[in-house]
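I opened this entry to record what I looked up around the ligand, and then along one strand and its neighbours.

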Amino acid sequence: MTLHVSVPAAARPGLLASVADLAEMEVALGAGADIVDLKNPAEGALGAWGEAPLRAAVARWRAAGCVTGLSATVGDQPLDAAILLAAARRTAATGVPLVKIGFPLPAEGPGAALAPVLDALAPLARETRLIAVLFADQRPDLAALPHFAAAGFHGVMLDTADKTAGGLLAHLGVERLAGFVAEAKAAGLLTGLAGSLKLEDIAPLAALKPHYLGFRGALCATGRTSALDPVRLARVREALKGRVTA
Ligand SMILES: O=C[C@H](O)COP(=O)(O)O
């Protein structure tokens with residue numbers, strides 16, 4: 001599979017760093033993040049950037065040679081085909097190469113709600129690389145992974161929706177996560193893990209060999225809505241390279 005981003009295919013997982021503005025994007029680029037993830041943490045788990053800063057980030061990324069992966073979130077949206085398609089189209093229109101779309105569990109349960117959403121997004125998936133984000137704290141249906149691949153999604157990742165309710169490993173055990181990574185990779189999907197990850201989570205999660213691990217809160221001094229801290233970012237970068245023990 002061609003990954004289209006500079007995430008190492010084998011070896012250790014790459015670093016996805018969520019950044020809240022253009023200044024933080026510079027810090028993440030300088031620190032060697034493999035995927036710079038444009039996200040507004042103040043507006044929720046998948047808070048979106050505005051259109052003008054997204055376009056500015058794409059211009060900066062292009063000026064830097066498009067070497068690093070660049071993703072953006074489309075905002076926290078309900079599992080509704082029209083709403084998700086409009087949000088994904090808005091983000092894709094700015095030129096961001098990886099568009100992250102959350103798939104929250106609908107209030108009435110998983111049911112058949114996913115199929116019409118994937119049908120609606122499949123044409124866009126032929127033009128833009130879409131990443132599905134499933135939420136570990138909402139008991140995601142991992143059997144759905146092949147459906148994302150069939151709809152043309154480029155990747156899938158696990159995150160957490162409620163940032164006050166514990167990290168990824170508080171919701172899904174290592175065995176379940178190993179199954180997620182194996183099934184997603186078997187379906188040919190770029191595969192990521194995130195959700196209030198801390199330094200000490202890196203070793204057990206890296207052992208599962210996802211393509212990347214995603215961080216925001218651990219990169220900030222006083223919580224995920226505070227400013228990115230270059231020192232913490234460097235520590236996470238080094239830990240992902242296996243150079244420090246958490
Ligand atoms: O996509 C990754 C997320 O931004 C992770 O955020 P978090 O570490 O605060 O849960």
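Before listing elements I fixed the term: strands here are DSSP runs of E with at least two residues, numbered from the N terminus. I also note that this is a predicted model.

Ligand shell. I asked which strands supply at least two residues each of the shell around the ligand. I found that β1, residues 14-19, and β8, residues 212-215, each do so. Of the 17 residues around the ligand, I listed S18, A194, G214, R216 and G217 as those that come nearest. Sorting the shell by class, I obtained six charged and six polar residues, together with five nonpolar ones.

Strand β1. I then checked whether β1 is enclosed or open, and since six of its six residues are buried, I recorded it as largely enclosed by the rest of the structure. In a regular strand the side chains alternate between the two faces of the sheet. I therefore took the faces of β1 separately: G14, L16 and S18 on one side are all buried, as are L15, A17 and V19 on the other, and both faces are covered.

Pairing. I looked up the partners of β1 and found that it pairs with β8 in the parallel sense over four bridges, with Y212 of β8 as the bridge partner of G14. Strand β2, residues 35-38, also runs parallel to β1 and is joined to it by four bridges, and there S18 has D37 as its bridge partner. Following the chain from β1 to β2, I passed through helix α1, residues 22-30, and noted that this β-α-β crossover is right-handed.

Technical notes. Residues are numbered from 1 along each chain as its sequence is written. This is a predicted model: local features need pLDDT of at least 70, side-chain atom pairs count only at pLDDT 80 or more; totals for chains, interfaces and linings use all residues. A residue is near a molecule or strand if its C-beta atom, placed from the backbone, lies within 6 Å of it. Ala, Val, Leu, Ile, Met, Phe, Trp, Tyr, Cys and Pro count as nonpolar, Asp, Glu, Lys and Arg as charged, and the others, Gly among them, as polar. A residue is buried if 20 or more other C-beta atoms lie within 10 Å of its own, exposed if 12 or fewer, and partly exposed in between; C-beta atoms are placed from the backbone. Two strands pair if DSSP finds at least two bridges between them. A crossover is right-handed if, with the strands pointing away from the viewer, the path from the first strand over the helix to the second runs clockwise.
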